[in-house]
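The following exercises are to be worked through with the sequence and the model in view. Each task is followed by a solution in steps.

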Amino acid sequence: MKFSFLAICCLFTTLAVAQDFEITGTVKDSSQVSLEAATVYMQTVSDSTLVTYTITDRDGFFRLKGASKAENVNLFISYTGYRTYKKELTLNKPLINLGEIILKPATNSLGEVIVTASAPVMLKSDTLQFNADSFNTRADANLEELLKKLPGVEVDNEGNITVNGKPVNKILVNGEEFFGGDPKIATK
């Protein structure tokens, strides 16, 4: 009986110290457009412990409710493409209305980016083309080592080359016949 009375007293003491709060506001950009799904969260100033979080609704409105023992908290609002808003608040009132919060666009932008790609394997009519740069080989590798890395290509002990089970009649390098069109010589 004494233990349960002591536990109840501790619970009420703990609850009495925690401050109930409700923080509201509306998040917009500089053009007065409401920002839906912006992340709004609160951390304690002392140790950055998360107190509570929410996201804004269609109209950019948010409501943070809860209880915290911390007197001072940091409020953060983040949204992709905008700088994170930060404000330190003192939880000395149960209701805090922040009104309209304007997020500023992020200023870190990239310069021009050019992406070029080449397919490792291309089929042109009856010719199968491989981009040798797409396959890792040693710097001093010969053609046979490269051929063994290509998908579907097999080189037997005699130097015969087959692709998907069909014999290769000639090998072209940069559109030119390699070793007079004899694939066996090319592999050695």
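**Exercise 1. Classify K28 by its accessibility, then describe its charged partner.**

Step 1. K28 has a relative accessible area of 17% and is therefore buried, where buried means under 20% relative accessible area, exposed over 50%, and partly exposed in between (1.4 Å probe, protein chains only). The model is a predicted one: local features need pLDDT of at least 70, side-chain atom pairs count only at pLDDT 80 or more, and totals for chains, interfaces and linings use all residues. Residues are numbered from 1 along each chain as its sequence is written, and side-chain values use heavy atoms, with hydrogens and water left out.

Step 2. The side chain of K28 forms a salt bridge with that of E100 at 3.2 Å, N to O; a salt bridge is a side-chain nitrogen of Lys or Arg within 4 Å of a carboxyl oxygen of Asp or Glu.

Step 3. This pair joins distant parts of the chain, since K28 belongs to strand 1 and E100 to strand 7 (residues 95-103), 72 residues apart. Helices (H or I, at least four residues) and strands (E, at least two) are DSSP runs, numbered from the N terminus.

Step 4. E100, at 43% relative accessibility, is partly exposed.

**Exercise 2. Describe the other salt bridges for which the residues can be named.**

Step 1. The structure holds 4 salt bridges. One of them joins the side chains of E22 and R63, at 2.9 Å, N to O.

Step 2. E22 is in strand 1 (residues 19-29) and R63 in strand 4 (residues 61-68), so that 41 residues separate these distant parts of the chain. R63 is partly exposed, with a relative accessible area of 42%.

Step 3. R138 and D140 form a salt bridge in which the closest N and O atoms are 3.1 Å apart. R138 is partly exposed at 47%, whereas D140 is exposed at 60%.

Step 4. A network of salt bridges links R138, D140 and E145.

**Exercise 3. Work out the order and pairing of the strands in the open sheet.**

Step 1. Strand 1 pairs with strand 4 in the antiparallel sense over 8 bridges; two strands pair if DSSP finds at least two bridges between them. Within strand 4, F61 stands opposite T26.

Step 2. Strand 1 pairs with strand 7 in the parallel sense over 7 bridges. In strand 7, I96 is the bridge partner of I23, and L95 stands opposite E22.

Step 3. The result is an open sheet of 3 strands in the order 4-1-7, with mixed pairing. Strand 4 and strand 7 are its edge strands, each pairing on one side only.

Step 4. From one strand to the next, the twist averages 20°; axes are lines fitted to C-alpha atoms, for helices over the stretch in contact, and angles run from 0 to 180 degrees between N-to-C directions.

**Exercise 4. Relate strand 1 to its surroundings and to the nonpolar core.**

Step 1. Strand 1 is mostly covered, with 8 of its 11 residues buried. T24 lies in this strand and is buried at 11% relative accessibility.

Step 2. Contact means heavy atoms within 4.5 Å. Not counting residues up to four places away in sequence, T24 touches F61, F62, R63, I96, N97, L98 and G99.

Step 3. Leaving aside neighbours within four places in sequence, I23 is in contact with residues including M42, F62, L64, L89 and L98.

Step 4. The largest nonpolar core has 19 residues, and I23, V27, F62, L64, L75, I77 and L98 have the most contacts inside it. Such a core is a set of buried Ala, Val, Leu, Ile, Met, Phe, Trp, Tyr and Cys residues joined through side-chain atoms within 4.5 Å.

Step 5. Two or more residues of this core come from each of strand 1, strand 2 (39-44), strand 4, strand 5 (72-78) and strand 7. Strand 7 supplies the largest share, 4 residues.

Step 6. A second, separate core of 9 residues includes L147, V153, V163 and I171.

**Exercise 5. Characterise the aromatic pairs.**

Step 1. The whole structure contains 2 aromatic pairs. Rings of Phe, Tyr and Trp (its six-membered ring) pair if their centres lie within 6.5 Å; planes under 30 degrees apart count as stacked, over 60 as edge-to-face and the rest as tilted.

Step 2. Y41 and F76 are stacked, at 5.1 Å centre to centre and 20° between the planes. Because Y41 lies in strand 2 and F76 in strand 5, the pair ties together parts 35 residues apart in sequence.

Step 3. Y41 is partly exposed at 22%, while F76 is buried at 13%.

Step 4. Y79 and Y82 form a tilted pair, at 5.7 Å centre to centre and 55° between the planes. Y79 is partly exposed at 27% relative accessibility.
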